[in-house]
Amino acid sequence: PLRRATARGLPEGLDALILASDLQGIVPDPQTREATLLGVAVAQVLVEASRSHGLPKAVRTGVVLAGDLYSVPGANERGGFGDVAPVWAAFAERFAWVVGVAGNHDDVRAVQDIPDAHLLDGRDVVLDGLTFGGVGLIAGNPKKPGRRSEDEQLTRIEKVTDEALDVLILHEGPHGEREQPGHAGIREIVERQKVPLTVCGHVHWTTPLAQHAGGQILNVDARVVVLV
C-alpha cells in the first residue's frame, strides 16, 4: 500500500520523505521483466508516480528505509539473509539521498559503497537540515544473523537518542497502543527521550501511527508512506 501523510517541519529544500520497510518479495522488474527484489521495483514505480501522479519531484525527496528488504530468490519462504544493496542503490540513484538501518534479514556490507546512501547503526547524520539517528537489527540471540543482545541494543538506542534527533529509524521499534506490538524497553526510551518521530517496521500494524507522551511512532512494515 502507498499512503500519503502530512507533517510540519520539513526543511525548505525538501518536498517529501518516502518511508518504507519490510519490502520482502520478488517481482518482475518494470523495465526488464527479470526477477528482482520488490524494493527495486518500488523505487522505479515511485519515480514514475512523481512524474505522472502528483508526487513531489524525486530530486527533492529523501528516502528512509527501516530494514528487511531481502527475499529468497523464489519468494517461497519467509526469512533468509542476503544482499540488499540493490534496493538501496535503486533509491539512491533516483532520489536525493537514502538513510536507514539494516533489518534482521539484510546483508548491508555493500551499502557503504553506494553514493548518497547513509546506513546508520548507533550514529546520527544531518541531511537537508533534518537530523536522523538510527540503530539496525533486532534484540535477540547474537549467534543468529541480524541480532544482538537486548542490553546492547537498548544501550545503542539510548546513546543515539541522547542527541537532538528529528527522526529515529529502527527496524524493531516500540509498541504503540493495543494491536500495535513492539518492544517495551524501546518504548520507554523514545518516550523518555521525547523523540519526535520514530520510524520502524518488523511487525505489522493495521493502523500505522501511534502517539506517545514525547512524539509519534510510524510503523511502515510492508507499506510505503509519502510524507509531505
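Let's start with the buried residues of helix 1 (residues 38–52). They are Gly39, Val40, Ala41, Val42, Ala43, Gln44, Leu46, Val47, Ala49 and Ser50. Buried means under 20% relative accessible area, with exposed over 50% and partly exposed in between, using a 1.4 Å probe and protein chains only. Helices (H or I, at least four residues) and strands (E, at least two) are DSSP runs, numbered from the N terminus.

A word on the source. This is a predicted model, where local features need pLDDT of at least 70, side-chain atom pairs count only at pLDDT 80 or more, and totals for chains, interfaces and linings use all residues. Residues are numbered from 1 along each chain as its sequence is written, and side-chain values use heavy atoms, with hydrogens and water left out.

Back to helix 1. What do its buried residues pack against? Strand 1, strand 2, strand 3 (26–28), strand 4 (35–37), helix 2 and strand 18. Contact here means heavy atoms within 4.5 Å. The end C-alpha atoms of helix 1 are 21 Å apart, which agrees with the 21 Å that its 15 residues should span. That expected span is 1.5 Å times one less than the number of residues. After helix 1 comes glycine 54, with a positive phi near 80 degrees.

Now the sheet. It is open, with 6 strands in the order 1-18-2-5-7-9 and mixed pairing. Two strands pair if DSSP finds at least two bridges between them. Strand 1 (2–5) and strand 9 (117–119) are at the edges; each has a single partner strand, so one side of each lacks a neighbour in the sheet. Strand 2 (residues 16–21) pairs with strand 18 (residues 223–227) in the antiparallel sense, over 5 bridges. Leucine 19 has valine 225 as its bridge partner in strand 18.

Helix 2 (residues 85–92) lies across strand 5 (61–65), strand 7 and strand 9. To strand 7, helix 2 runs at about 140 degrees. Axes are lines fitted to C-alpha atoms, for helices over the stretch in contact, and angles run from 0 to 180 degrees between N-to-C directions.

Last, the aromatics. How many aromatic pairs does the structure hold? It holds 2. Rings of Phe, Tyr and Trp (its six-membered ring) pair if their centres lie within 6.5 Å; planes under 30 degrees apart count as stacked, over 60 as edge-to-face and the rest as tilted. Phenylalanine 91 and phenylalanine 95 have ring centres 5.9 Å apart and planes at 35 degrees, so that pair is tilted. Tryptophan 97 and phenylalanine 132 have centres 5.5 Å apart and planes at 70 degrees, so their pair is edge-to-face.
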